[in-house]
Amino acid sequence: MSVFLSERFSSLTPYVPGEQPQDKKYIKLNTNESPFPPAPNAIDAVSRAVERLALYPDPEQKALTEKTAALCGVGFENVLMTNGSDEALDFAFTAFCDTNSPALFADITYGFYKVYAEWKHVPFTEIPLNDDFTLSVDDYIGKKGAVFIANPNAPTGLLLPVSEIERLLRADASRLVVVDEAYIDFGGETVIPLIKEYCNLLVIRTFSKSRSMAGARLGFAVGCKALIDDLKQIKYSSNPFNVNALTAAAGIASLENDSYNAENCRTICENREYTIRELRKTGFFVTDSKTNFVFAKKPNVSGKYIYETLKQNGILVRRFDTPRIDDYVRITVGTKEQMKTLISEIKKITEAQNA
Ligand code: PMP
């Protein structure tokens with residue numbers, strides 16, 4: 001730390017991204033990336049866009065925003081494209097939270113919510129999930145603050161029904177509810193249609209998972225015009241060209257080839273169900289994930305041991321040194337081949353334990 005760092009940030013605990021090792025080739029099941037490449041026409045579109053790289057991108061991202069809005073069944077004015085959904089979350093914390101407007105989120109959820117709250121000096125409360133990791137909307141009703149909910153939740157994988165989110169929205173129309181739907185395309189039902197009725201709802205989505213574009217950094221926010229205008233205030237005050245030209249070209253092409261992405265999601269869901277079944281057969285407890293990852297633990301075997309043994313054998317998964325979940329591993333769902341290898345390595349671990 002230099003002597004120049006502002007005191008405001010000296011005690012900040014940054015987000016720790018999942019490992020992106022460059023040393024050896026792993027079966028990489030640790031950061032919820034897609035095992036499939038982006039839509040083939042996205043690759044062509046990027047090559048063509050390279051020719052125009054001398055120019056700044058469209059700050060409004062008109063073509064991309066129009067296509068995204070059409071996909072969501074909302075208007076152009078209801079969508080803001082961002083540099084990954086992390087940036088949409090960043091804008092939301094900046095625009096809507098401060099000392100008078102704290103943030104509420106679950107104790108076990110996407111780790112970035114706490115990081116954003118801390119670096120923006122937003123008071124926050126972490127509300128414990130139930131013992132089975134389900135979220136009770138009643139725990140939020142009557143408490144002051146903007147609510148951030150990942151749905152389905154990460155890393156638990158559990159989905160909250162639309163009716164429960166609507167109950168939360170209806171309970172207090174003056175309180176903002178941000179629903180982070182990073183994993184919604186793997187079996188969940190989106191709350192986007194509710195933005196027409198509830199101006200206190202902001203939905204955040206990403207191209208990183210179901211559209212195989214994590215490296216491109218593309219996300220978006222959907223809400224009533226007033227909320228989106230607020231986010232634009234932040235965007236145009238910090239990073240007007242937040243979505244670069246190559247990413248925009250890939251995004252448009254990806255939206256034009258939605259059946260390719262939908263087919264990949266179907267395959268990932270099938271592979272997820274296979275993985276859950278096989279893990280349960282070997283005695284693992286596995287949550288009912290509706291995402292592209294599974295969250296699992298083996299009674300009497302530490303999560304650290306499973307993580308380390310898999311890593312030694314060339315498979316990278318994720319674990320968190322966090323109370324309540326330190327014995328779990330979060331395993332991204334890859335190809336069927338990758339999941340078969342994972343299961344065979346897991347079987348070796350459990351057989352060694354039983355020997
Ligand atoms: N929300 C959740 C719940 C996530 O797990 C992630 C990715 N790890 C993100 C948002 C951010 O995704 P991205 O910035 O790649 O769109």
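A residue belongs to the shell around the ligand if one of its heavy atoms lies within 4 Å of it. Keep that cut-off in mind for the opening stops of this tour, and note that the model is predicted.

**Stop 1: the ligand and its shell**

Select the ligand, then show G84, S85, D86, Y110, D180, A182, Y183, T206, S208, K209 and R217, which surround it. Colour these residues by character: 3 are nonpolar, 4 are polar and 4 are charged. Next, select helix 3, residues 84–96. Helix 3 gives the most to the shell, with 3 residues.

**Stop 2: polar contacts to the ligand**

Show the side chain of D180. One of its polar atoms lies 2.6 Å from a nitrogen atom of the ligand. Move to S208, where a polar side-chain atom is 2.6 Å from an oxygen atom of the ligand. Then pick R217: an N or O atom in the side chain of R217 is 2.6 Å from an oxygen atom of the ligand. Now switch on a surface for the protein. On its own the ligand has 400 Å² of accessible area, and the protein covers 92% of that.

**Stop 3: two helix pairs**

Keep helix 3 selected and add helix 4, residues 112–119. The two pack with their axes 10 Å apart, at an angle of about 40°. Helix 3 is therefore oblique to helix 4, since angles from 35 to 65 degrees fall outside the roughly parallel and roughly perpendicular ranges. Their crossing is right-handed.

For the other pair, select helix 1 (residues 40–50) and helix 7 (residues 245–256). Here the axes are 8 Å apart and the angle is about 150°. An angle over 145 degrees counts as roughly antiparallel, so helix 1 is roughly antiparallel to helix 7. Helix 1 and helix 7 also make a right-handed crossing.

**Stop 4: backbone details in the loops**

Most peptide bonds are trans, and most residues other than glycine have a negative phi. The next selections are exceptions.

Go to the loop between strand 5 (146–150) and helix 5 (162–171), where P152 lies. The peptide bond from N151 to P152 is cis, with omega near -5°. P155 lies in the loop between strand 5 and helix 5 as well. A cis peptide bond joins A154 to P155, with omega about 5°.

Which loop holds Q61? Select the stretch between helix 1 and helix 2 (62–72), and Q61 is there. Q61 is not a glycine, yet its phi is positive, at about 50°.

Methods
Residues numbered from 1 in each chain as written. Predicted model: local features only at pLDDT ≥ 70, side-chain atom pairs only at ≥ 80, totals over all residues. Heavy atoms only, no water. Polar contact = N/O pair within 3.5 Å; in protein donor to acceptor, adjacent residues only side chain to side chain. Areas by Shrake-Rupley, 256 points an atom, 1.4 Å probe, with all protein chains shown as cover. Helix = DSSP H or I, 4+ residues; strand = E, 2+ residues; numbered from the N terminus. Nonpolar A, V, L, I, M, F, W, Y, C, P; charged D, E, K, R; others polar. Axes fitted to C-alpha atoms, helices over the stretch in contact; angles between N-to-C directions. Parallel < 35°, antiparallel > 145°, perpendicular 65-115°, else oblique. Left-handed = near helix turned anticlockwise from the far one by under 90°.
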